[in-house]
Amino acid sequence: MKQPSLVLLTMILSVMAAATTVKIMTPDHVSSSSSVSSSTKTIERIIRTGTIRCAYAVWPPSLLKDPNTGKLSGINYDVMELIGRELDLKIDWVEEVGFSNFIEGLKTHRYDALCVSSWPDAPRIRHLLYTDPYFYSPIYAYVRAGDKRFDGNLDKIDDPAVKIATIDGDISQTQARIDYPKANIFAMPQTADPAEVLLAVVSRKADIVFTDKGNYELFNKNNPGVLEPIAHVGPATIFSEPLVVLPGETQLHSMLNLALRNLINNGKIDKVLDKYPYGDYIYPARGYKVKNN
């Protein structure tokens, strides 16, 4: 059995001491003592096994999965492996999930955290505890090649004649409804992968899709010239990129935050982002400048 390192024990003890002063109310309105009990059990299991159990969702280039071998790679994979080394813990990638359906697995303790960064979604914040963000992603609007209806003015999207491609229950759907309430939504099922949402625009089921530049560029590599960004506009929005645990898991949350801050401060997060040529990221340790702008 793997023994916890002195660094990890020190970190856990400091986090546990801080947690005693914090009262957390879970989404189901259970008592703070129940939350502390659940959090303590999680930390005890992590110490006993030397392992953080991770759920993951495929979203290139944040996380990629080889269809033949099942091997994982990408920004979030590399960051979590660095967190594991920082905490002297093994990262066990136990279950693939969707961004719209991962909460139930956290509640039933099939895994300890969603170990890919997730754009914070207002309806889900009440059910989740987000870490500090460790990079930021500008989100752009994409249309079929040659569609010039929205050039120079994203406000033109807010029209009943326009359909926006989203994933059902995902932040893409929430944000579309908030920013463009008059537009119609073409919702893909929760099991849809990122490429399928972009293909909905190509196949004319929808007119526009919002996504990060990395996802678009990898799609464009395999489907050159069928989609293009709306011209003469900047990002539609900017999303932070944090990890996710359950409310009440304050000890694990603080451990992840401490590790992330170390990785940001020593420049290792920036080096991970440098490894991936696709994408347009706001780096955490470079004055928040966009990578490929």
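**Exercise 1. The largest cavity**

Helix H6 gives the most to the lining of the largest cavity, with four residues. Keep in mind that the model you're working on is predicted. Task: work out how much space the largest cavity holds, which residues line it, and how that lining divides by class.

*Solution.*
- Step 1: start with the volume; about 120 Å³ of space lies in the largest cavity.
- Step 2: collect the wall. The lining consists of Trp119, Ile139, Ser172, Gln175, Ala176, Asp179, Tyr180, Phe210, Ala236, Thr237 and Phe239. Two elements, H6 and strand S12 (237-240), give two or more residues each.
- Step 3: sort by class, and you get seven nonpolar residues, three polar and one charged.

**Exercise 2. The second largest cavity**

Task: the count comes to four cavities of 30 Å³ or more; for the second largest one, find the volume and the residues nearest its centre.

*Solution.*
- Step 1: the volume of the second largest cavity is about 80 Å³.
- Step 2: 14 residues line this cavity, and those nearest its centre are Trp59, Ser172, Val197, Val209 and Phe210. Strands S8 and S10 and helix H7 are the elements that supply two or more lining residues.
- Step 3: the class split here is nine nonpolar, four polar and one charged.

**Exercise 3. A glutamine in H6**

Task: find out whether glutamine 173 is buried or exposed, and what its side chain makes a polar contact with.

*Solution.*
- Step 1: place the residue; glutamine 173 is part of helix H6 (residues 171-179).
- Step 2: check accessibility. The relative accessible area of glutamine 173 is 6%, and the cut-off for buried is under 20%, so glutamine 173 is buried.
- Step 3: look for a polar partner. The side chain of threonine 166 makes a polar contact with that of glutamine 173, at 3.3 Å.
- Step 4: list the other neighbours. Leaving out residues up to four places away in sequence, glutamine 173 touches Thr166, Ile167, Asp168, Ile185 and Ala187.

**Exercise 4. A glutamate in a loop**

Task: now do the job for glutamate 241: where does it lie, and which side chain is joined to its own by a polar contact?

*Solution.*
- Step 1: glutamate 241 sits in the loop between S12 and strand S13 (244-245).
- Step 2: at 3% relative accessibility, glutamate 241 counts as buried.
- Step 3: the polar partner is serine 137, with a side-chain to side-chain contact of 2.6 Å.
- Step 4: setting aside neighbours within four places in sequence, the contacts of glutamate 241 are Ser117, Ser118, Trp119, Pro133, Tyr134, Phe135, Tyr136 and Ser137.

**Exercise 5. The faces and ends of H7**

Task: for helix H7, say which residues are buried, how they are arranged around the axis, and what they pack against.

*Solution.*
- Step 1: H7 covers residues 194-202, and its buried members are Pro194, Val197, Leu198, Ala200 and Val201.
- Step 2: look down the axis. The buried residues fall within an arc of 145°, so they line one face of H7.
- Step 3: ask what that set packs against. The partners are strands S7 (136-144), S8 (163-167), S9 (184-188), S10 (208-212) and S11 (227-229), along with helix H8 (213-222).
- Step 4: check the start of H7, where a side-chain oxygen of aspartate 193 comes to within 3.0 Å of the backbone nitrogen of alanine 195.
- Step 5: check what follows. Arginine 204 lies in the loop between H7 and S10 and has a positive phi of about 70° although it is not a glycine. With a relative accessible area of 64%, arginine 204 is exposed.

**Exercise 6. The largest pocket**

Task: describe the largest pocket by its volume, the residues closest to its centre and the classes in its lining.

*Solution.*
- Step 1: the volume comes out at about 700 Å³.
- Step 2: 39 residues line the largest pocket, and Val58, Trp59, Pro60, Asp193 and Pro194 are the closest to its centre. Elements giving two or more residues are strand S2 (64-65), H7 and H8.
- Step 3: H8 has the largest share of this lining, four residues.
- Step 4: the classes are 19 nonpolar, 13 polar and seven charged.
- Step 5: take a look at the backbone by Pro60, too. The peptide bond from proline 60 to proline 61 is cis, with omega near -5°, and proline 61 is in the loop between strand S1 (51-56) and S2.

Notes:
Residues numbered from 1 in each chain as written. Heavy atoms only, no water. Buried < 20%, exposed > 50% of the residue type's maximum accessible area, 1.4 Å probe, protein only. Arc of directions from axis to C-beta. Contact = heavy atoms within 4.5 Å. Polar contact = N/O pair within 3.5 Å; in protein donor to acceptor, adjacent residues only side chain to side chain. 1 Å grid on protein atoms, 1.4 Å probe; cavity = no way out; pocket = protein on both sides within 12 Å on 5 of 7 lines; lining within 4 Å. Points joined across faces, edges and corners; volume = space filled by probe spheres on them. Nonpolar A, V, L, I, M, F, W, Y, C, P; charged D, E, K, R; others polar.
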